Amino acid sequence: MAVVTRILLDVLKPHDPSVLDLARALGDLGDYRVCVRVLEMDKKTETLEIEVAGADVDFEAIHTVIRDLGAALHSVDEVDVSGSSVDQQTE
Amino acid sequence: MNLLRDLGFLLRISHSRGIMRRYFVVNGFDGALTMLGVILGFITTDRVPLSVVIATCLGAAIALGVSGVSSAYLSETAERQRALSDLEEAMAKSLQGSAHAQAARWVPLLIALVNGSAPLLISLLIITPLWLARAGIPLPMQALHGALLVALLIIFFLGVFLGRVAGNSIWRSGLQTLLVALVTVGLILLLSA
């Protein structure tokens, strides 16, 4: 079965919790490499580009963390998927 | 441990640590000065049984505690709900279930507990010499004078705490709050003479 190895998200979040808090919370989900870029700062919110990469990225868990920290997922801009022919054959 | 970490996180995202500190000092100072006034009132009047003094001080302490909890809870809940609504408007989505909604629910309670417990605990500390005297434990001075001394010491240490928070001279800050207490003592003595 194909697994997601990287996703690029467009997220709007309040200033608090900080970008560091959000990045750490995402990093705690698994053996992920998390890269957060602040694209825009408004009075009460900031727009982020979040890149999460790993051997098997759990999108639902990432979405839950984003939601729990009061942020909103606007769009999934890029997805990298790694397919496994061995798995496909066994299925 | 997790609970403490979570509460710390909620206090951080709601910027409430400074507010809690402020409430602790303000209401603690209120409690200490109130006890100072009550005790000084008893010192300047004719001899009153210790049980009456303790009951009066305890009544005032409980009233200060309940007042602190209820007033802070009501006002902070309203403020937090408003802040949450403002944030929801900025985010253009409901934040129910998020850390912000949890902060709006729990932070007012925490602040209320601090606001109520500060005057209550400080008052109880101040009337400790009265309890000790009533229990028959010998004190180096009269119980009321002992309570007065404890009140002045606590007021001084509240000033020291403020000095540490501000990063100023702790001695200067402590003496400032002590001066306020001494002015209060002077006013009470002047009016009751």
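Student: What share of the 193 residues in chain B is buried, and what makes a residue count as buried?

Tutor: In this predicted model, buried residues make up 36% of the 193 residues in chain B. A residue earns that label if 20 or more other C-beta atoms lie within 10 Å of its own.

Student: Which elements make up chain B?

Tutor: Chain B has seven helices and zero strands, so from the N terminus on its elements read α-α-α-α-α-α-α. The C-alpha trace of chain B spans about 65 × 35 × 35 Å along its principal axes.

Student: Why are α6(B) and α7(B) called oblique to each other?

Tutor: Happy to go through that one. Two packed helices are described by the angle between their axes and the distance between the axes. Helix α6 (residues 143-166) of chain B and helix α7 (residues 170-192) of chain B have axes that come within 7 Å and cross at roughly 140°. Roughly antiparallel needs an angle over 145 degrees, and roughly perpendicular runs from 65 to 115. The angle of roughly 140° fits neither class, and the pair is therefore oblique.

Student: Is the crossing left-handed or right-handed?

Tutor: α6(B) passes α7(B) in a right-handed crossing.

Student: Which residues meet there, and what makes them nonpolar, polar or charged?

Tutor: Among them are Leu152(B), Ile155(B) and Arg164(B) in α6(B), and Ile170(B), Arg172(B) and Ser173(B) in α7(B). The residues of this contact divide into eleven nonpolar, six polar and two charged. Leu and Ile count as nonpolar and Arg as charged, while Gly is grouped with the polar residues.

Student: How do you know that Ile126(B) is in contact with Ala151(B)?

Tutor: Contact requires C-beta atoms, placed from the backbone, within 7 Å. Leaving aside neighbours within four places in sequence, the contacts of Ile126(B) include Ala32(B), Met35(B), Ala147(B) and Ala151(B). Ile126(B) also belongs to the largest nonpolar core, which has 60 residues, and is one of those that touch the most other members. The largest share of this core, twelve residues, comes from α4(B).

Student: What share of the contacts in chain B with a separation of 6 or more joins residues 24 or more positions apart?

Tutor: Such residues account for 72% of those contacts.

Student: How many residues of chain B are in contact with chain A?

Tutor: Nine residues of chain B are in contact with eleven residues of chain A. On the chain B side, α3(B) gives the most, with three residues. The residues of that side divide into six nonpolar, two polar and one charged.

Technical notes
Residues are numbered from 1 along each chain as its sequence is written. Chains are lettered from A and ligands numbered from 1 in the order in which they are written. This is a predicted model: local features need pLDDT of at least 70, side-chain atom pairs count only at pLDDT 80 or more; totals for chains, interfaces and linings use all residues. Two residues are in contact if their C-beta atoms, placed from the backbone, lie within 7 Å. Helices (H or I, at least four residues) and strands (E, at least two) are DSSP runs, numbered from the N terminus. Axes are lines fitted to C-alpha atoms, for helices over the stretch in contact, and angles run from 0 to 180 degrees between N-to-C directions. Angles under 35 degrees count as roughly parallel, over 145 as roughly antiparallel, 65 to 115 as roughly perpendicular and the rest as oblique. A crossing is left-handed if the near helix is turned anticlockwise from the far one by less than a right angle, and right-handed if clockwise. A residue is buried if 20 or more other C-beta atoms lie within 10 Å of its own, exposed if 12 or fewer, and partly exposed in between; C-beta atoms are placed from the backbone. A nonpolar core is a set of buried Ala, Val, Leu, Ile, Met, Phe, Trp, Tyr and Cys residues joined through C-beta atoms within 7 Å.
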